[in-house]
Amino acid sequence: EGDIKGFFDNIDHSILIDLLRKRIKDEKFLRLIRKFLKAGYVEDWKYRNSYSGVPQGGIISPILSNIYLNELDKFIEDFQHKFNKGKNKAQNLDYTKLHQKSMRLKKKLKDKVAKGTLKEGERDEIIGFIKEANSRKMKLPSKDPMDQNYRRLKYVRYADDWLIGIIGSKEDAVRIKKELTEFIRSKLKLELSQEKTLITNSRKFARFLGYDITISRNQQPKPTLRPAGEQKKVLSRSNSGPVSIYMPKEAWVSKLIEYRAIKMEGPNWKPMHRRVLVNNDDLEILTRYNAEIRGMYNYYRLALNVSGLNKFKYFMEYSLYKTFANKYKTSIRKIKNKYCINGVFAVRYKT
């Protein structure tokens, strides 16, 4: 998980202008951008010079920061070509031995049935051995997870947040972090935060853009159709290996705290009215709550545990009732009786 210390505040203006100059030949236009960067800012009614960085919220800041970090993208792309190694992972020898044992036993059983030499109780005995071999086989990866001749690197970035996924050893991850630290320091004149740039085993969660990301290791086999459209189903571990993304619980809890929609009563959270909305129009209050609930769902809808937002919706719903009850100095029951239409809370308004 990559983290650059104070990225937007520490972008070097000279490096940025030099990067722009590679593609833009209009010096007058470049001087205009430099003036934008050097314009300064007002804080506590005092003017302050800006010697580095791009103003967060500035209209061209996002594209300038992306142009700056495009150098990091290109560095990692070149590094990726050197790092990636091998075509396929080597077979796991323990898995292969058990698979071959299972196949030999199946062939033995088939031959005995065909020749009519199967003794009493021998069929159940051989089937038991096959099941035992298959059970042990399903607990092992089919490929060697620590194959030294196979490595892969994947990279994704959004603004100044980035994540690198590695199939390789921890030593590989440490080396990549070291080389990134040096590149960012020497070429971009920025500092990689050593405390926040974390190396995480894929069994655990890595945090990226508010999501918890991990690699599924579910070894439970499930019936799936054979390839080429055959109708016969076979057991496969299709849930093992893919990237899984989750919504952290603190994501929706922190939103409720930010909105002041909950309060602590003993060990439990309780919904509460939002004083800041009490004087608003009924339709404004309802629209605000709906927009906030919809916004959370739209952001976290990719998560496997997005259904956890039902709790967020519950607290928001009862915070809404309490806000209306506080506004009209009445009870939640009376508010629901007044506003509910066919069991759904609604506000009538003229278009």
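# Salt bridges, sheets and a nonpolar core

Glu-258 counts as exposed, because its relative accessibility is 53% and the cut-off for exposed is over 50%. The model that shows this is predicted. Lys-255 is the salt-bridge partner of Glu-258, with N and O 3.4 Å apart. Both residues belong to helix α8, which spans residues 249-259. They sit three residues apart, about one turn of the helix. Lys-255 counts as partly exposed, at 25% relative accessibility.

Helix α4 holds a similar topic. This helix covers residues 61-83. Within α4, Glu-71 and Lys-74 are three residues apart, so about one helical turn separates them. Their side chains form a salt bridge, and the closest N and O atoms are 3.5 Å apart. How accessible is Glu-71? Glu-71 counts as buried because its relative accessibility is 17%, and buried means under 20%. Lys-74 is partly exposed, with a relative accessible area of 37%.

Asp-73 makes a salt bridge too, with Arg-157 as its partner. The closest N and O atoms of this pair are 2.9 Å apart. Asp-73 lies in helix α4 and Arg-157 in strand β3, so the salt bridge ties together parts that are 84 residues apart in sequence. Asp-73 counts as buried, at 18% relative accessibility.

Further charged side chains join up in a network. Arg-151, Asp-172, Arg-175 and Glu-179 are linked by salt bridges. The count of salt bridges in the model comes to 20.

Strand β3 leads on to a hairpin. β3 spans residues 152-158, and β4 spans residues 161-167. The two strands run antiparallel and are joined by seven bridges. Lys-154 has Gly-165 in β4 as its bridge partner. Two residues lie between β3 and β4 in this hairpin. One residue in the turn, Ala-159, has a positive phi of about 55°.

Next comes a sheet. Strands of a sheet pair through backbone hydrogen bonds, either parallel or antiparallel. Here three strands form an open sheet in the order β5-β6-β9, with antiparallel pairing. Which strands stand at the edges? They are β5, residues 206-208, and β9, residues 240-246. Each has a single partner strand, so one side of each is left without a neighbour in the sheet. The twist averages 30° from one strand to the next.

Take the two pairings in turn. β5 and β6 pair over three bridges, in the antiparallel sense. Arg-207 stands opposite Asp-212 in β6. β5 and β6 also form a hairpin, with two residues between them. Leu-209, in the turn, has a positive phi of about 55°.

On to the pairing with β9. Strand β6 covers residues 211-217, and five bridges join it to β9. These two strands run antiparallel. Ile-213 has Ile-245 in β9 as its bridge partner. Thr-214 has Ser-244 in β9 as its bridge partner. Five of the seven residues of β6 are buried, so β6 is largely enclosed by the rest of the structure.

The interior comes next. In soluble globular proteins, nonpolar side chains tend to be buried together. The largest nonpolar core of this model has 33 residues. Which of them touch the most other members? They are Trp-252, Leu-256, Leu-309, Phe-312, Phe-324 and Phe-345. The elements that give two or more residues to this core are strands β5 and β6 and helices α8, α9, α10 and α11. Helix α9 spans 282-300, α10 spans 309-328 and α11 spans 332-339. α10 gives the most to the core, with eight residues.

Nonpolar side chains also appear at the surface. Ile-257, Met-264 and Trp-269 make a nonpolar surface patch of about 290 Å². Trp-269 has its place in strand β11, residues 268-271. Buried or exposed, or in between: where does Trp-269 fall? Trp-269 is partly exposed, because its relative accessible area is 36%, and partly exposed covers the range between the cut-offs of 20% and 50%.

Conventions:
Residues are numbered from 1 along each chain as its sequence is written. This is a predicted model: local features need pLDDT of at least 70, side-chain atom pairs count only at pLDDT 80 or more; totals for chains, interfaces and linings use all residues. Side-chain values use heavy atoms; hydrogens and water are left out. Patches are made of residues with over 30% relative accessible area and no salt bridge: like charges are joined within 9 Å, nonpolar side chains (Val, Leu, Ile, Met, Phe, Trp, Tyr) within 5 Å. Accessible areas come from the Shrake-Rupley method with a 1.4 Å probe; for residues, only the protein chains shown count as cover. A salt bridge is a side-chain nitrogen of Lys or Arg within 4 Å of a carboxyl oxygen of Asp or Glu. Helices (H or I, at least four residues) and strands (E, at least two) are DSSP runs, numbered from the N terminus. Buried means under 20% relative accessible area, exposed over 50%, partly exposed in between (1.4 Å probe, protein chains only). Two strands pair if DSSP finds at least two bridges between them. Axes are lines fitted to C-alpha atoms, for helices over the stretch in contact, and angles run from 0 to 180 degrees between N-to-C directions. A nonpolar core is a set of buried Ala, Val, Leu, Ile, Met, Phe, Trp, Tyr and Cys residues joined through side-chain atoms within 4.5 Å.
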